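Please open the structure in your viewer and keep the selection tool at hand. The tour proceeds by selecting one region at a time and examining what is there.

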Amino acid sequence: MSSTKDQWSAEAYSASASFVPKLTQKLLSYLAPQPTDKILDVGCGDGKFTANFLPAVDSVLGIDASPAMIESAMKDYNDPRAEWRVVDCRYLDKEETIVNGSWDKVISNAALHWILRDSSTRLNTLRAIHGSLKPGGTFVFEMGGHGNVPEVMTALIYTLVQHGVPAEKAKAANPWFFPSDVWMKNALESIGFQVDKVEIEYRPTKLTAEANGGLAGWIKLMGAPFLDVLPEEKRDDAVKQICDILEPVVTREEDGSQWLGYVRLRGIAKKI
């Protein structure tokens with residue numbers, strides 16, 4: 001998530017990606033929240049996922065780069081056990097009041113593929129997560145894994161090129177990092193984590209059908225960094241072209257529902 005432009009709004013996220021905080025039962029079971037837990041939620045967004053475990057723990061700090069999402073979390077989850085703070089998690093290592101070895105658990109859902117996109121800060125962020133935990137503390141995460149939404153990635157890059165953007169510039173606009181399970185395991189172990197579990201799951205995911213959601217809503221929200229490469233007056237045409245390309249790939253004949261090829265990377269790692 002860029003610190004220079006806030007592409008997020010709680011309303012748009014709810015319309016286009018409301019499934020994200022809902023498809024989290026396995027991740028929550030890995031978190032195994034306890035009444036004494038002090039938990040750091042990295043990339044907490046609007047707090048809807050955090051709210052799943054907030055009532056079961058001692059305290060939570062939710063951090064996210066988006067002021068709009070943090071504002072929404074503060075409004076909707078004004079709980080004495082919760083604190084919400086705007087933090088660009090690419091530079092989490094600079095946050096001395098957070099990276100202080102005081103957290104029982106760190107959790108991150110559907111955020112690290114944005115946060116880790118910048119290769120120059122990638123390992124520093126993971127080191128900061130390690131540094132924030134108590135000895136014996138647990139890091140639990142779910143993010144996009146290698147091969148996530150390949151049809152969308154292809155259509156986005158192709159459409160930019162069709163609109164005159166050089167291929168290298170189109171590829172560089174990609175805001176995501178979707179690592180393999182092997183990459184993540186090696187990275188975490190190199191930092192000093194004991195990796196208990198890293199798994200990849202292919203999980204086709206049904207898009208919301210609300211008026212502002214659907215395929216076009218998803219493209220406008222999640223693909224905003226790609227679209228931003230184009231002049232503003234070309235973006236609507238680009239979205240239409242992307243949807244036209246994707247429609248026969250993602251639409252199910254029996255009911256017209258649309259599904260994207262989500263690949264999830266989940267893991268549990270301990271600070272030893």
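Which residues does UniProt list for "domain: Methyltransferase"? The unreviewed entry gives residues 39-137. Please bear in mind that the model on the screen is predicted. Select residues 39-137: helix accounts for 25% of the chain there and strand for 27%. The C-alpha atoms at the two ends of this stretch are 10 Å apart.

**A loop residue**

Next, select Ala56, which is found in the loop between β1 (38-42) and β2 (59-64). Is Ala56 buried, partly exposed or exposed? Its relative accessibility is 34%, so Ala56 counts as partly exposed; the buried class ends at 20% and the exposed class begins over 50%. Now add Gln34 to the selection. Although 22 residues separate Ala56 and Gln34 in sequence, their C-alpha atoms are 6.4 Å apart in space. Apart from neighbours within four places in sequence, Ala56 is in contact with Pro33, Gln34 and Pro35.

**The two faces of a helix**

Select helix α3, residues 67-76. Which of its residues are buried? They are Met69, Ile70, Ser72 and Ala73. These residues lie on the same side of α3, because they cover an arc of only 160° around the axis. A general rule helps here: an α-helix has 3.6 residues a turn, so residues three or four places apart point the same way. Rotate the view to the face of α3 turned away from the buried side, where the exposed residues Glu71 and Lys75 are found.

**Two pairs of helices**

Two packed helices are described by the angle between their axes and the distance between the axes.

For one pair, select helix α5 (residues 122-132) and helix α8 (residues 181-191). Their axes come within 10 Å and cross at roughly 60°, which means that α5 is oblique to α8. On the α5 side, the contact is made by Arg122, Leu123, Leu126, Arg127 and His130; α8 contributes Trp183, Met184, Ala187, Leu188 and Ile191. The crossing of α5 and α8 is right-handed.

For the other pair, select helix α6 (residues 150-162) and helix α11 (residues 232-250). At what angle do their axes cross? The angle is roughly 145°, and the axes come within 9 Å. The crossing of α6 and α11 is right-handed. Residues making the contact include Val152, Ala155 and Leu156 of α6, and Ile242, Ile245 and Leu246 of α11.

Definitions and conventions. Residues are numbered from 1 along each chain as its sequence is written. This is a predicted model: local features need pLDDT of at least 70, side-chain atom pairs count only at pLDDT 80 or more; totals for chains, interfaces and linings use all residues. Side-chain values use heavy atoms; hydrogens and water are left out. UniProt positions are given in the numbering used here, feature names are shortened, and annotations may be inferred rather than shown by experiment. Helices (H or I, at least four residues) and strands (E, at least two) are DSSP runs, numbered from the N terminus. Buried means under 20% relative accessible area, exposed over 50%, partly exposed in between (1.4 Å probe, protein chains only). The arc is that of the directions from the helix axis to the C-beta atoms. Axes are lines fitted to C-alpha atoms, for helices over the stretch in contact, and angles run from 0 to 180 degrees between N-to-C directions. Angles under 35 degrees count as roughly parallel, over 145 as roughly antiparallel, 65 to 115 as roughly perpendicular and the rest as oblique. A crossing is left-handed if the near helix is turned anticlockwise from the far one by less than a right angle, and right-handed if clockwise. Contact means heavy atoms within 4.5 Å.
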